Amino acid sequence: MQLGHNSGTPDAEGIAHELSKRGHAWADTHAAAQAFEEAQKSVLAEVAADYRQTGTKSQTEAEGLARANKKYRDFVVEMVEARRIANRARVNFDTYKVWIELIRTKAATERAQMNLR
């Protein structure tokens, strides 16, 4: 927990900064993963076009060969890894938001208990 200087109270500014940092990390990694996903059909078409130029008879056959091509397979591996990184950043961001809510609930409970005494 981030606490204020020499106190037991949460450091709102520090928590807000950390939440923003984690949110930006998720946004950046999500955008990178999305860019890969948007490019997937283009990369497949590019590799398939190479096969069509070498005499492959049908587009379906060219796409089948393209899906087995190392360039396309490597692209898919990178795309999946980018999505994994984005998902982990989202978990990190969401977990921190839940942590903040837990701190708020704890503080409210402590205030309520002090009023009961």
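T56 sits in the loop that links helix 1 (12-53) to helix 2 (59-68). The model is predicted. T56 is buried, because its relative accessible area is 12%, and the cut-off for buried is under 20%.

What does the side chain of T56 meet? One of its polar atoms lies 2.9 Å from the backbone oxygen of Y51. Beyond its neighbours within four places in sequence, T56 is in contact with Y51, E61, A62 and L65.

Follow one of those partners, A62. Setting aside residues up to four places away in sequence, A62 touches A48, Y51, R52 and T56. Y51 therefore appears in both contact lists, that of T56 and that of A62, while T56 itself is buried at 12%.

A62 also leads into the largest nonpolar core. Nine residues make up this core: V43, L44, V47, A48, A62, A66, Y72, F75 and M79. Helix 1, helix 2 and helix 3 (70-116) are the elements that each give it two or more residues. Helix 1 supplies the largest share, four residues. In soluble globular proteins, nonpolar side chains tend to be buried together. A48 and A62, both members of this core, are also in contact with each other.

How far does the predictor's confidence support this reading? The protein chain averages a pLDDT of 91, and 92% of the residues score at least 70. Among the elements of the chain, helix 1 has the highest mean pLDDT, 96. Helix 2 has the lowest, 94. Where pLDDT is low, the predicted coordinates should not be read in detail.

Technical notes. Residues are numbered from 1 along each chain as its sequence is written. This is a predicted model: local features need pLDDT of at least 70, side-chain atom pairs count only at pLDDT 80 or more; totals for chains, interfaces and linings use all residues. Side-chain values use heavy atoms; hydrogens and water are left out. Buried means under 20% relative accessible area, exposed over 50%, partly exposed in between (1.4 Å probe, protein chains only). A polar contact is a pair of N or O atoms within 3.5 Å; within protein, one must be able to donate a hydrogen and the other to accept it, and residues adjacent in sequence count only if both atoms are side-chain atoms. Contact means heavy atoms within 4.5 Å. pLDDT is the predictor's confidence in each residue, from 0 to 100. A nonpolar core is a set of buried Ala, Val, Leu, Ile, Met, Phe, Trp, Tyr and Cys residues joined through side-chain atoms within 4.5 Å.
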